[in-house]
Amino acid sequence: MDGHIEQRRVLKTLEAAGDVSVEGSLVGVVNARDAHFTRSVVGPVAASGVVSFVQAGCGPMMSGGDVTFHQGGCGPVIARGDVSIEQGGTQGILAAGDARIGNGAFVGVVASPNVTVEDGARVLMSMQQAAAFGAAFGLAVGLIARRARRRAPSDD
């Protein structure tokens, strides 16, 4: 790794043209090529390459490469590569590559060309289920609003 290694406890922003490795720190925002986090809490992450978390978590993240979580999690994940999560959780995954939800992992919504959910893992909704739920919810709200307008007394 030709990049930047941080072991400070609190950082507002960490930007690097190369790779970063963060251990035992609290970081507001990270922007780098490859990023590796160990026992750290990070805000939003933008990386053009590979990102990995070991006993760490972050806010929303975008990656141009693969993303792996082991005993960690984050907000929504958008990745150009594969996403793998084991013993952790995330709100949602949007991956151009494969998504693997391993043992002890939880994901709210996942959208990927190939999703593997292993024993002991949970996915609340796939993309198709989320779309169907949204359509049904929208229809129900529309019908209730229409009925409410018909029953409302006119101001005439």
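The following exchange examines how terms are applied to this predicted model.

Me: On what basis are the residues numbered and the values filtered?
Reply: Residues are numbered from 1 along each chain as its sequence is written, and the model is predicted, so that local features need pLDDT of at least 70, whereas side-chain atom pairs count only at pLDDT 80 or more. Totals for chains, interfaces and linings use all residues, and side-chain values use heavy atoms, with hydrogens and water left out.

Me: What makes up the secondary structure of the protein chain?
Reply: The protein chain has one helix and 19 strands. Helices (H or I, at least four residues) and strands (E, at least two) are DSSP runs, numbered from the N terminus.

Me: How do you know that the protein chain is more spread out than a compact globule?
Reply: The globule rule is 2.2 Å times the number of residues to the power 0.38, and the radius of gyration is taken over C-alpha atoms. For 156 residues the rule gives 15 Å, and the radius of gyration of the protein chain is 20 Å, well over that value; therefore the chain is more spread out than a compact globule. Along its principal axes the C-alpha trace spans about 75 × 40 × 20 Å.

Me: Why is Asp-19 called buried?
Reply: Buried means under 20% relative accessible area, exposed over 50%, and partly exposed in between (1.4 Å probe, protein chains only). Asp-19 has a relative accessible area of 7%, so Asp-19 is buried. Of the 156 residues of the protein chain, 38% count as buried.

Me: What makes the contact of Arg-33 and Asp-19 a salt bridge?
Reply: A salt bridge is a side-chain nitrogen of Lys or Arg within 4 Å of a carboxyl oxygen of Asp or Glu. The side chains of Arg-33 and Asp-19 meet at 2.9 Å, N to O, so the pair satisfies the rule. The pair links distant parts of the chain, 14 residues apart: Arg-33 lies in the loop between β4 and β5, and Asp-19 in the loop between β2 (10-15) and β3 (20-23). Arg-33 is partly exposed, because its relative accessible area is 33%. By this rule the count comes to four salt bridges.

Me: Why can such side chains pair?
Reply: Side chains of opposite charge can pair when their charged atoms come close.

Me: What makes Glu-86, Arg-100 and Glu-118 one network?
Reply: Arg-100 and Glu-86 meet in a salt bridge at 3.2 Å, N to O. This pair links strand β16 (residues 98-101), which holds Arg-100, with strand β14 (residues 83-86), which holds Glu-86, 14 residues apart. Glu-118 and Arg-100 meet in a salt bridge at 3.0 Å, N to O. Here Glu-118 is in the loop between β18 (114-117) and β19 (122-126), 18 residues apart from Arg-100 in strand β16. Salt bridges that share partners join Glu-86, Arg-100 and Glu-118 into one network.

Me: How do you know whether Arg-100, Glu-86 and Glu-118 are buried or exposed?
Reply: Arg-100 counts as partly exposed at 27% relative accessibility, Glu-86 counts as partly exposed at 26%, and Glu-118 counts as partly exposed at 31%.

Me: Why are Val-10, Leu-26 and Val-41 called a nonpolar patch?
Reply: Patches are made of residues with over 30% relative accessible area and no salt bridge; like charges are joined within 9 Å, and nonpolar side chains (Val, Leu, Ile, Met, Phe, Trp, Tyr) within 5 Å. Leu-26, in strand β4 (residues 26-32), has a relative accessible area of 44% and is partly exposed. Val-10, Leu-26 and Val-41 form the patch on the surface, with about 280 Å² of accessible area together. Accessible areas come from the Shrake-Rupley method with a 1.4 Å probe; for residues, only the protein chains shown count as cover.

Me: What makes the patch on the surface a patch of positive charge?
Reply: Lys and Arg count as positive and Asp and Glu as negative, while His and the chain ends are not counted. The place of a charge is taken as NZ of Lys, CZ of Arg, CG of Asp or CD of Glu. Arg-146, Arg-147, Arg-149, Arg-150 and Arg-151 gather in this patch. Arg-150 is found in helix α1 (residues 127-151) and counts as exposed, because its relative accessibility is 63%.

Me: Which residues other than glycine have a positive phi?
Reply: Among them are Arg-39, with phi near 45°, and Gln-55, with phi near 50°. Arg-39 lies in the loop between β5 (35-38) and β6 (41-42), and Gln-55 in the loop between β8 (51-54) and β9 (57-58).
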